[in-house]
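Me: I am new to this structure and would like a close look at one part of it, with the surroundings brought in afterwards. Here is what I am looking at.

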Amino acid sequence: MEESVKKLTAETIASISACKTVSELNDVRVKTLGKSGALTALLKGMKDVPPEKRPAAGKIVNDARETLEQAVSERQKALENEELLRKLSEERIDITIDSPLKNHGGLHPLSIMRNRIEEFFCSLGFVIADSPEIETDYYNFEALNIPADHPAREMQDTFFITENILLRSQTSSGQIRMMEKVKPPIKMLSPGRVFRSDEADATHSPVFHQVEGLVVDKGITMCDLKGILDLFAKKFFSNETKTRFRPSYFPFTEPSVEVDASCGKCGGKGCNVCKGTGWIEIMGAGMVNRNVLKNCGINPDEYTGFAFGCGLDRITNIIYGISDARIPFENDLRFLKQFN
Ligand code: PHE
């Protein structure tokens, strides 16, 4: 018995060293140490050994098993290491070779504009805040002073998922989420996608983008709103650009305004861009309605605020002279490459 164990061990060690791959090694291991392997068979033959010799014989077999297991594990490490070195050298990349890929990606015009707008407002101390695209009726309407049967709901043709859950039709929902979480002073900018059940044409799309702004603090007035938007228009259109407020209506602001910028193309004389009026509408805005502040647990006798909601697609298209709102979403590389 001792002899056959020795012979088996020596033979197996020889085949272990001869293995060239991990899978060959595995075969050797199974052949000797596996359930029906040669060494296991020897262990099974123990029943024929006279009882007094069994402990010594058992030790011989177990020592052999240990020796072989160790040999397998050492060989495995060595083979894995060889494999790794081989892969590293075979798959080496020559970073000095000129790449055939000349088409680098770039930012979409909408992203460029969103980044610029974020940068501008951040420089004035605003923080950027995200809010969900799938909203509840409460945040999109109710808390914004638009109760269930309010006719203002018809201003926005909304995609309802259930009676209570909808695709937000305006980023104004983000105002509520902010004011519920953070107590004034608040200076927030919330850009994002909004959804309305509109047929797509040159100026409409069921998915578009808004940038919501909200400032709440003690003593905020409409002058602050006008001042900031004036600066915004000068920065994004030209130094000569003027802004004007036209009275408007939004349930969540009082008073509410429509903000126009003087037309950059004709300088106010009237042209095809401004449809002859000399002015281009750039956003809706107003002083945060007292009811909205109350809904968020903010005392309207102590704090006031302003909010604005600007169409990002609209601003982008005006600035880049894009005549049809559908073009930026056609994935036409000839169009998109112009912005790289
Ligand atoms: N949420 C309004 C809209 O989508 C825009 C707006 C935002 C108006 C904030 C006033 C204040 O039309």
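At what angle do helix H2 and helix H4 pack, and how far apart are their axes?

Reply: The model in front of you is predicted, and what follows should be read with that in mind. Helix H2, which covers residues 22-33, packs with helix H4, which covers residues 54-90, at an angle of about 170°, and their axes are 10 Å apart. Because angles over 145 degrees count as roughly antiparallel, H2 is roughly antiparallel to H4. On the H2 side the contact is made by Val22, Leu25, Arg29, Thr32 and Leu33, while H4 contributes Arg65, Leu68, Glu69, Val72, Arg75, Gln76, Leu79 and Glu80. Sorted by class, the residues of this contact between H2 and H4 comprise six nonpolar, two polar and five charged.

Turning from this helix pair to the strands, you will find an open sheet of seven strands with mixed pairing, and its order is E1-E4-E5-E9-E8-E7-E6. Strand E1 (127-128) and strand E6 (243-250) are the edge strands, each of them pairing on one side only. Within the sheet, strand E8 (residues 279-288) and strand E9 (residues 304-311) pair in the antiparallel sense over five bridges, and Met283 stands opposite Cys310 in E9.

Helices also lie across these strands. Helix H8 (residues 222-236) lies across E6, strand E7 (253-262), E8 and E9, and its direction is at about 125° to E6. Helix H10 (residues 312-320) lies across strand E5 (207-217), E8 and E9, running at about 60° to E9.

The remaining part of the picture concerns empty space. The structure holds one cavity of 30 Å³ or more, and the largest cavity contains about 40 Å³ of space. Its lining is formed by Ile146, Ala152, Met155, Gln156, Gln170, Phe250, Pro251 and Phe252, which divide into six nonpolar and two polar residues, with no charged residue. The second largest pocket, in turn, holds about 160 Å³ of space, and the residues that line this pocket are Asn103, His104, Gly105, Gly106, Leu107, His108, Leu333, Leu336, Lys337 and Asn340. By class, the lining of the second largest pocket has three nonpolar, six polar and one charged.

Note on methods
Residues numbered from 1 in each chain as written. Predicted model: local features only at pLDDT ≥ 70, side-chain atom pairs only at ≥ 80, totals over all residues. Heavy atoms only, no water. Axes fitted to C-alpha atoms, helices over the stretch in contact; angles between N-to-C directions. Helix = DSSP H or I, 4+ residues; strand = E, 2+ residues; numbered from the N terminus. Parallel < 35°, antiparallel > 145°, perpendicular 65-115°, else oblique. Contact = heavy atoms within 4.5 Å. Nonpolar A, V, L, I, M, F, W, Y, C, P; charged D, E, K, R; others polar. 1 Å grid on protein atoms, 1.4 Å probe; cavity = no way out; pocket = protein on both sides within 12 Å on 5 of 7 lines; lining within 4 Å. Points joined across faces, edges and corners; volume = space filled by probe spheres on them. Pairing = 2+ DSSP bridges.
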